[in-house]
Amino acid sequence: MTSHAPVVLSGYGPVGRAYADRLLTASADSPLRLAAVRTSAAERTAPRLSPGPLPPLAETLERTGAVVLAQAVPSSPAVREQAAADALLALRRGVHVVSATKSHLLSHWAELGRAAAEGGALIRISGATGAALPAADTARTGVRGLGCRTLRACPTGTATFVLDRLAAGDPFPAAVAEARRRGIAEADPSADLSGADAATKARLLAALLWGWDAAAVRTDLDGAGIDDGTAERARAAAARGHRLRAVATASAGEPLLVRVRLEETEPGDPLHALLGPEKAVVYGCEAGDIAVSGGASSPLGAALAMVKDTLDVAVPRGFGFGIS
């Protein structure tokens, strides 16, 4: 480790820019240093980020002495193989990977784990499982040994926001447009509104929680979609003092299966208490339910989750006396 751990960032969209800005504007005594930003066609060298030719990733990692590869490329099939190849290369070289990109985590989960073990590196995926919400940390270590058997989650802020707008009387197109205007929804929110994004995040959380291979997890989205026909259900639930939520569930008793359903939630349920684009995950443990909630959807939230993960893997922790 170095006092200023060099970081190479892949991807310079809204999340990548927010992450880069955070590292570039950090104080001089920050333990992290942004060394380079890679896009599909160019490489930008910090601190000015002027674009230049794109060298092979191995060359960039070697030249910068990178400790962390941060991935913020789109979670799309088109870039999945390249994202996987980059992560595997970094991990095998002993470079930690912090990812807000989901696609290659789903398709290459076991291979990424083997590469991390081979290189003695770590992978952190908070930005891919709930942005600023510490859902991944809780699944990975926070409930370990507590006999967690079930998972219930509203991990997609867009779905929660749109459902609440529908309950308040907004037409479906207006609710989606408002989510886009506020920067909550992506330009194409279909994955959020179909239940696919909630299923993806639940697959990753269940893999961390129970050691499942995320690539092998099946999804059932029957009845999960939010559309014009959902408005009446949302208003009817609100009239009963309930709130309609897109809820992803998984159980240790049903291995390798994640379901997403539209569910009426009642007061007292952590999923009922969500406001606007907030998220929540409830871990059902022998010690009782353990819930994490908050962390509204935004590029900044995902970027801050990446910063947290980067500090986690790159900077030694502890107060002394062996406490960390």
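1. Arg245 comes out as buried, at 0% relative accessibility, which is under the 20% cut-off. Keep in mind that this is a predicted model. Its partner is Asp164: the two side chains meet in a salt bridge, 2.8 Å from N to O. That pair links distant parts of the chain, with Asp164 in helix H8 and Arg245 in strand E10, 81 residues apart.

2. Those two elements also meet in the packing. Helix H8 (residues 157-167) lies across strands E8 (150-154), E10 (243-251), E11 and E12 (279-285), and runs at about 150° to E10.

3. Now the sheet itself: it's open, with 6 strands in the order E9-E11-E10-E8-E12-E13 and mixed pairing. E9 (218-220) and E13 (288-294) stand at the edges with a single partner strand each, so one side of each has no neighbour in the sheet. The twist averages 20° from one strand to the next. At the E9 edge, the pairing with E11 (residues 257-265) is parallel, over 3 bridges, and Thr219 sits opposite Val258 of E11.

4. On to the nonpolar packing. The largest core has 48 residues, and Leu151, Leu204, Leu205, Val281 and Tyr283 touch the most other members. Helix H11 (residues 196-210) gives the most to this core, with 8 residues. A second, separate core of 23 residues includes Val7, Ala18, Leu49 and Ala70. Back in the largest core, Leu151 has contacts beyond its sequence neighbours that include Ala202, Leu205, Trp210, Ala248, Val281 and Tyr283.

5. Back to charges: the salt bridge count is 23. Arg140 pairs with Asp312, with the closest N and O atoms 3.9 Å apart. Arg140 is in helix H7 (residues 135-142) and Asp312 in helix H13 (residues 299-314), so this pair ties together parts 172 residues apart in sequence. Arg140 is partly exposed, at 25% relative accessibility. Both belong to a salt-bridge network that also links Arg124, Asp137, Lys308 and Asp309.

6. Glu178 and Arg182 make another salt bridge, at 2.8 Å from N to O. Here Glu178 is buried, with a relative accessible area of 14%, whereas Arg182 is partly exposed at 47%.

7. One residue I'd look at on screen is Asp86, in helix H3 (residues 77-92). Which side chain of opposite charge is nearest to Asp86? That is Arg38, 5.4 Å away, and Asp86 is buried with no salt bridge. The 4 Å cut-off is why the Arg38 pair doesn't count as one. Leaving aside neighbours within four places in sequence, Asp86 is in contact with Ser10, Leu57, Leu69 and Gln71.

How values were computed. Residues are numbered from 1 along each chain as its sequence is written. This is a predicted model: local features need pLDDT of at least 70, side-chain atom pairs count only at pLDDT 80 or more; totals for chains, interfaces and linings use all residues. Side-chain values use heavy atoms; hydrogens and water are left out. Two strands pair if DSSP finds at least two bridges between them. Helices (H or I, at least four residues) and strands (E, at least two) are DSSP runs, numbered from the N terminus. Axes are lines fitted to C-alpha atoms, for helices over the stretch in contact, and angles run from 0 to 180 degrees between N-to-C directions. Contact means heavy atoms within 4.5 Å. Buried means under 20% relative accessible area, exposed over 50%, partly exposed in between (1.4 Å probe, protein chains only). Lys and Arg count as positive and Asp and Glu as negative; His and the chain ends are not counted. A nonpolar core is a set of buried Ala, Val, Leu, Ile, Met, Phe, Trp, Tyr and Cys residues joined through side-chain atoms within 4.5 Å.
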